[in-house]
Amino acid sequence: MNEEIKQIMLDLVETARDDNYNMDVTISRFPELQQVDKQLLLDFVETSRDLNFDMDEAFRLFPEITGEALEEETTTSLG
């Protein structure tokens, strides 16, 4: 994952916390994210919050941010 993107997203979540999750205010502080789908950013922040800020897990759940595909769990049946 690109370290610059990771840092921006970490900063976004931290700023959202500081702004009491007023995402209109938070997103306005990140001009570099103005072209990113707002719903994606909202979902990422909310998921981070729901995960008690386990950011490794939050990034894992958002491959569209990380550029890394989710590892699909596969099951093998033994005949």
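Helices here are DSSP runs of H or I with at least four residues, and they are numbered from the N terminus. With that in mind, begin with the whole chain, remembering that the model is predicted. Colour it by secondary structure, and the view should show five helices and zero strands, following the pattern α-α-α-α-α along the sequence. Of the 79 residues in the chain, 30% are buried. Among the contacts with a separation of 6 or more, 40% join residues 24 or more positions apart.

**Select α3, residues 38–50**

The helix α3 runs over 38–50, has 13 residues and reaches 18 Å from its first C-alpha to its last, which is close to the 18 Å expected at 1.5 Å a residue. Now show the side chains of L40, L41, F44, V45, T47 and S48, which are buried in α3. These residues cover an arc of only 165 degrees around the axis, which means that they lie on the same side of α3. In general, an α-helix has 3.6 residues a turn, so residues three or four places apart point the same way. Turn the view until that side faces the rest of the chain, and look for the partners of the buried residues of α3, which pack against α1, α2, α4 and α5. Before leaving this helix, move just past α3 to N52, where phi is positive at about 55 degrees.

**Select F44 and its surroundings**

What does F44 touch, not counting residues up to four places away in sequence? The residues to display around F44 are M9, V13, M55, A58, F59, F62 and I65.

Two aromatic pairs are counted in this model. In one of them, F44 and F59 are tilted, with 5.3 Å centre to centre and 40 degrees between the planes. Because F44 lies in helix α3 and F59 in helix α4, this pair ties together parts that are 15 residues apart in sequence. Both F44 and F59 are buried. Next, rotate to see F44 with F62, an edge-to-face pair at 5.3 Å centre to centre with 80 degrees between the planes. This pair links distant parts of the chain, since F62 sits in the loop between α4 and α5 (63–66) while F44 is in helix α3, 18 residues apart. F62 is buried, as is F44. Keep F44, F59 and F62 on screen together, for ring pairs link them into a cluster.

**Select the nonpolar core**

Widen the selection to the largest nonpolar core, which has 18 residues, and where M9, L12 and F44 have the most contacts inside it. The elements that give two or more residues to this core are α1 (3–18), α2 (23–28), α3 (38–50) and α4 (55–60). The largest share, five residues, comes from α1.

**Select T15 in α1**

Stay with helix α1 and pick T15, which is placed there. Is T15 buried or exposed? The relative accessibility of T15 is 17%, and because buried means under 20%, T15 counts as buried. Setting aside residues up to four places away in sequence, T15 touches T26, R29 and F30.

**Select two arginines and their rings**

To finish, show R17 with F53, where the charged end of R17 sits over the ring, 4.0 Å from its centre. Then show R49 with Y21, where the charged end of R49 sits over the ring of Y21, 3.8 Å from its centre.

Technical notes:
Residues numbered from 1 in each chain as written. Predicted model: local features only at pLDDT ≥ 70, side-chain atom pairs only at ≥ 80, totals over all residues. Heavy atoms only, no water. Core = buried A, V, L, I, M, F, W, Y, C linked by side-chain atoms within 4.5 Å. Buried < 20%, exposed > 50% of the residue type's maximum accessible area, 1.4 Å probe, protein only. Contact = heavy atoms within 4.5 Å. Phe/Tyr/Trp six-rings, centres within 6.5 Å; stacked < 30°, edge-to-face > 60°. Lys NZ or Arg CZ within 6 Å of the ring centre and 35° of its normal. Expected span 1.5 Å × (residues − 1). Arc of directions from axis to C-beta.
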